[in-house]
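Thank you for asking me to look over this model. My remarks are set out below as numbered points, to be read alongside the sequence and the structure.

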Amino acid sequence: MAKPSIIISSQDLQRLETMLEHQAKLTPTMQHLEDELARAQVVEPKDIPSNVVSMNAKVMIQIAPATEATEITLVYPHDFRGEKGQVNIVAPVGAAILGLAEGQEIEWPQPDGHMMKVKIEKVVFQPEREGDFL
């Protein structure tokens, strides 16, 4: 399955690259995330489409084989508190969904070697859409 195109804001890209540079050791998921960042289309935060998953976005996702969508919020490691629905960008599902648009799906390798299939149902909240560029 070909990888779907992804769009990332220049601000998210800069913050993620900085975060990855400060890791003592990159996990396989972090290495996949680096690959994703390298192939992403990068736009200014104000130009990111409103249906695309950005950092701190709240998203309805479906992870096969489940048929129910789950609401998650994509956060940076330093913001991760283990609260219900929070997904760390360095977790497989977090790294998988960044930059995807509603309706897109991606297959993503998990630590156990299996492939996970994730589909973006809806971007419920996106900071950039709300004019929040902090």
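The points that follow go from the overall fold to the cores and then to two local backbone features.

1. The coordinates come from a predicted model, and everything said here should be read with that in mind. The chain holds 3 helices and 7 strands, and from the N terminus on these elements follow the order β-α-α-β-β-β-β-α-β-β.

2. As to overall dimensions, the C-alpha trace spans about 35 × 35 × 30 Å along its principal axes. The radius of gyration is 14 Å, which agrees with the value near 14 Å that a compact globule of 134 residues would have. Buried residues make up 42% of the 134 residues, and, of the contacts in the chain with a separation of 6 or more, 58% are between residues 24 or more positions apart.

3. The surface deserves a brief comment. The accessible surface of the chain comes to about 7,200 Å², and carbon and sulfur atoms account for 51% of this area. The chain carries 12 positive and 20 negative charges, and the mean positions of the two sets are 3 Å apart.

4. Turning to the interior, the largest nonpolar core has 33 residues, among which I89 and L98 touch the most other members. At least two residues of this core are supplied by each of helix 1 (10-21), helix 2 (28-39), strand 3 (58-63), strand 4 (70-75), helix 3 (92-97), strand 6 (105-109) and strand 7 (115-125). A second core, separate from this one, consists of 5 residues, including I7, V43, V52 and A101. In soluble globular proteins, nonpolar side chains tend to be buried together.

5. Which residues does I89 contact, leaving aside its neighbours within four places in sequence? They are L16, M19, L33, M55, L74, V75, Y76, P77, G94, A95 and L98. L98, which appears in this list, is the other residue named above for touching the most members of the largest core.

6. Two backbone features merit inspection by eye. A64 and P65 are joined by a cis peptide bond, with omega at about 5 degrees, and P65 is found in the loop between strand 3 and strand 4. N56, in the loop between strand 2 (41-43) and strand 3, is a residue other than glycine with a positive phi, near 70 degrees. With a relative accessible area of 27%, N56 is partly exposed. For context, most residues other than glycine have a negative phi, and most peptide bonds are trans.

Definitions and conventions: Residues numbered from 1 in each chain as written. Predicted model: local features only at pLDDT ≥ 70, side-chain atom pairs only at ≥ 80, totals over all residues. Heavy atoms only, no water. Core = buried A, V, L, I, M, F, W, Y, C linked by side-chain atoms within 4.5 Å. Buried < 20%, exposed > 50% of the residue type's maximum accessible area, 1.4 Å probe, protein only. Helix = DSSP H or I, 4+ residues; strand = E, 2+ residues; numbered from the N terminus. Contact = heavy atoms within 4.5 Å. Rg over C-alpha atoms; globule rule 2.2 N^0.38 Å. Areas by Shrake-Rupley, 256 points an atom, 1.4 Å probe, with all protein chains shown as cover. Lys, Arg positive; Asp, Glu negative; His and termini not counted. Charge placed at Lys NZ, Arg CZ, Asp CG, Glu CD.
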